[in-house]
Amino acid sequence: MGSLDGRVVVITGGASGLGAASARVCVAEGAQVFLGDIQDERGGAVAAALGEAATFVHCNVTREADVADLVDRAVSIGGALDCMVNNAGIVGSVGPIDELDLREHQFSIAVLLDSVLLGMKHAARVMKPQRRGTIVSISSVAGITGGLGPHSYTAAKSAIVGLTRNVAAELGAYGVRVNAIAPGKMATPMTAGLVLDDPDDLEGVTAYMRDTSPLHQRAGTADDIAQAVAWLASDQAGYISGHTLVIDGGWTTGSPQSPTAGELNRFSAARPLIREAGRSYEH
């Protein structure tokens, strides 16, 4: 049996990247999946490849009516809503803070943050009466550590972490779990577009990620995030709520990028115990 047998899962931004990978894993685990995206051709192709277990629905996540319709379609066809995955995202406004364009910032926030709030809102209106369900939102390491993303992106991803905690505090009384995932640098179309100016060059961005990963020659992939989405949606994570799961190969814990085994660093050689004022301990 799959860990999501019989579950109904909604995924925004499901036409590519993390969303499409999450759809594939959730279907493999037995779920019926509803993909929301503005990329109609790509989204339809993903759903067709996954067969009868997947349905594509056009959804502009900046429009509340679209998000509400996506949830309603899932409930109407699937009979329930077991997991809402708020994944849709863009890089958004980029540049120095003193040159920030307010309208670009507001659009970035609409896509990156307001969409998550809307996903939570419309999932909650279904899940509260059900007295069960899970909500998983995609944040970023930029939301927990400074200097890793553009300002608008970082503001939104930081807010998702706080919103996840707050909504978990409310919905726990209804048996609904609310969590987030903070990916590091992952080999996805969005990253390929940012690094290589070609969102379709997944081979190239994967090679780049391998060379700059904190884990020697191990690139972070969309499947790494998809597996975490499926796990958080399952009963295997049944006592986890209000948590942000960081998946970054150890980057934000201080692991260097492109490490070399045995390179000179603070852990490379044994030294005498150091006491106060830098003095070594004498046996």
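Me: Hi! Which residues are buried in α8?
Reply: Happy to help. This is a predicted model, and in it Ala222, Ile225, Ala226, Ala228, Val229, Ala230, Leu232 and Ala233 of α8 are buried.

Me: What do the buried residues of α8 pack against?
Reply: They pack against one helix, α1 (17-28), and against the strands β4 (83-86), β5 (133-138), β6 (176-183) and β7 (244-247). Helix α8 lies across β4, β5, β6 and β7, and runs at about 165° to β6.

Me: How many residues does α8 have, and how far does it reach?
Reply: Helix α8 covers residues 222-233, so to speak 12 residues, and reaches 17 Å from its first C-alpha to its last, close to the expected 16 Å.

Me: Switching to the sheet: what is the strand order?
Reply: The open sheet has 7 strands in the order β3-β2-β1-β4-β5-β6-β7, and the pairing is parallel. From one strand to the next, the twist averages 20°.

Me: Why do β3 and β7 each have one side without a neighbour in the sheet?
Reply: Because β3 (54-58) and β7 stand at the edges, each with a single partner strand.

Me: And over how many bridges do β2 and β3 pair?
Reply: Strand β2 (residues 32-37) pairs with β3 over 5 bridges, in the parallel sense. Asp37 stands opposite His58 in β3.

Me: Now α3 and α4: at what angle do they pack?
Reply: At about 35°, with the axes of α3 (residues 64-78) and α4 (residues 102-130) 9 Å apart. The crossing is right-handed.

Me: Which residues make the contact?
Reply: Glu64, Val67, Ala68, Val71, Asp72 and Val75 come from α3, while α4 brings Leu118, Gly119, Lys121, His122, Arg125 and Val126. They divide into 6 nonpolar, 2 polar and 4 charged.

How values were computed
Residues numbered from 1 in each chain as written. Predicted model: local features only at pLDDT ≥ 70, side-chain atom pairs only at ≥ 80, totals over all residues. Heavy atoms only, no water. Axes fitted to C-alpha atoms, helices over the stretch in contact; angles between N-to-C directions. Helix = DSSP H or I, 4+ residues; strand = E, 2+ residues; numbered from the N terminus. Left-handed = near helix turned anticlockwise from the far one by under 90°. Contact = heavy atoms within 4.5 Å. Nonpolar A, V, L, I, M, F, W, Y, C, P; charged D, E, K, R; others polar. Expected span 1.5 Å × (residues − 1). Buried < 20%, exposed > 50% of the residue type's maximum accessible area, 1.4 Å probe, protein only. Pairing = 2+ DSSP bridges.
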